[in-house]
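Okay, thanks for squeezing me in. I'd like to walk you through one fold and a couple of side-chain details, so let's put it up on the screen.

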Amino acid sequence: MRILLVEDDEMIAQAVMLALRDHAYAVDRLATGQNVINTLRSSDYQVLLLDLGLPGMDGLEVLKRLRQGGENIPVIILTARDTLEQRLAGFDHGADDYLIKPFYLDELLARLRAVARRLGGQSSGLLENGIVSLDPASRVARRGDLEVTLSAREFGLLQALLLKPGKILTRHELEDQLYGWNEEVESNVVDFLIHGVRRKLGADIIRNVRGVGWCVEKP
Ligand code: CA
C-alpha cells in the first residue's frame with residue numbers, strides 16, 4: 001500500500017514514516033498542504049494521512065478541496081485539535097477517521113489495517129481470495145493447512161495483489177506499492193519477492209502474464 005503523509009512537524013513525520021516503512025507501507029511525505037491534489041494524481045495512493053495545522057493552507061481546507069474535486073481516497077486526520085466541534089468538522093469535511101495527537105503508532109497502524117480491510121471489501125480482518133488468506137496484523141499467510149509468516153516486503157507485495165484480485169499489476173505498479181520517493185528500488189526486487197512468496201505458498205499462488213505482470217485469482 002502506498003500512503004501520502006502530510007505533516008509539517010519533522011519529528012512526528014519521521015516517526016510515522018519509520019513505523020510505516022517497518023510495516024511494508026510505501027510512504028511519501030509533504031510538509032505543506034499545497035501540492036496534495038497533484039501528488040495524489042501522480043501515483044496510486046490508498047490512504048492520505050493529514051495533519052490539520054499546516055503552514056500555508058490549513059488541513060481542513062485541503063480536505064474540503066479534495067472532496068469538492070471528487071477525490072475519494074480514504075483520509076485519516078492526525079491532529080492535536082481535540083474538541084468535539086473540531087472532530088465533527090473533520091468528519092463533515094470528508095475525513096474517514098480522526099486520530100488525536102499524541103497517538104500510539106500501534107493505533108495508527110491498526111486504523112490503517114481497518115482502512116485496508118474496507119478497500120479490499122472484507123469484513124473480517126483477513127485479506128483473502130478463496131485460496132490464500134493474509135492477516136495484516138501478523139503477516140501470517142494461510143493456504144489450507146499451511147501457515148507461513150511473510151517478510152515485510154513479501155507481505156506488501158501479496159497485499160497489493162490481494163487488494164485487487166484478478167487485476168494484473170505491472171512491475172512498476174508493484175514497485176510503487178513497496179517504495180516511497182526517497183527509497184531506492186532494489187533491482188529485480190519484484191521477481192525476488194514473487195519467488196519468495198511462491199516458495200512459501202506454492203508456485204500457483206501468483207499467476208504471471210508474460211510481458212505484462214502478475215495477479216492472484218479472483219475469489
Ligand atoms: Ca502541524
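**Helices on the sheet**

Let's begin with helix α4, residues 84-92: this helix lies across β4 and β5, and runs at about 145° to β5. Keep in mind that what you're looking at is a predicted model. Helix α3, residues 59-68, lies across β3 and β4, and its direction is about 150° to β3.

Now, the sheet itself. In what order do the five strands come? Reading across, you get β2-β1-β3-β4-β5, in an open sheet with parallel pairing. The edges belong to β2 (26-30) and β5 (97-100); each has a single partner strand, so one side of each has no neighbour in the sheet. On average, neighbouring strands here are turned by 20° against each other, if you ignore direction.

Zoom in on β3 and β4 for a second. Residues 47-51 pair with residues 75-79 in the parallel sense, over four bridges. Within that pairing, Leu 48 stands opposite Val 75 of β4.

Okay, rings. How many aromatic pairs does the structure hold? Just one. The partners are Phe 91 and Tyr 98, 6.1 Å centre to centre with 35° between the planes, so the pair counts as tilted, given that stacked would need under 30 degrees. Are the two buried or exposed? Phe 91 is partly exposed because its relative accessibility is 38%, while Tyr 98 comes out at 7% and therefore counts as buried.

One last thing, on a charge and a ring: Arg 153 has its charged end over the ring of Tyr 179, 4.2 Å from the ring centre.

Notes:
Residues numbered from 1 in each chain as written. Predicted model: local features only at pLDDT ≥ 70, side-chain atom pairs only at ≥ 80, totals over all residues. Heavy atoms only, no water. Phe/Tyr/Trp six-rings, centres within 6.5 Å; stacked < 30°, edge-to-face > 60°. Buried < 20%, exposed > 50% of the residue type's maximum accessible area, 1.4 Å probe, protein only. Lys NZ or Arg CZ within 6 Å of the ring centre and 35° of its normal. Pairing = 2+ DSSP bridges. Helix = DSSP H or I, 4+ residues; strand = E, 2+ residues; numbered from the N terminus. Axes fitted to C-alpha atoms, helices over the stretch in contact; angles between N-to-C directions. Contact = heavy atoms within 4.5 Å.
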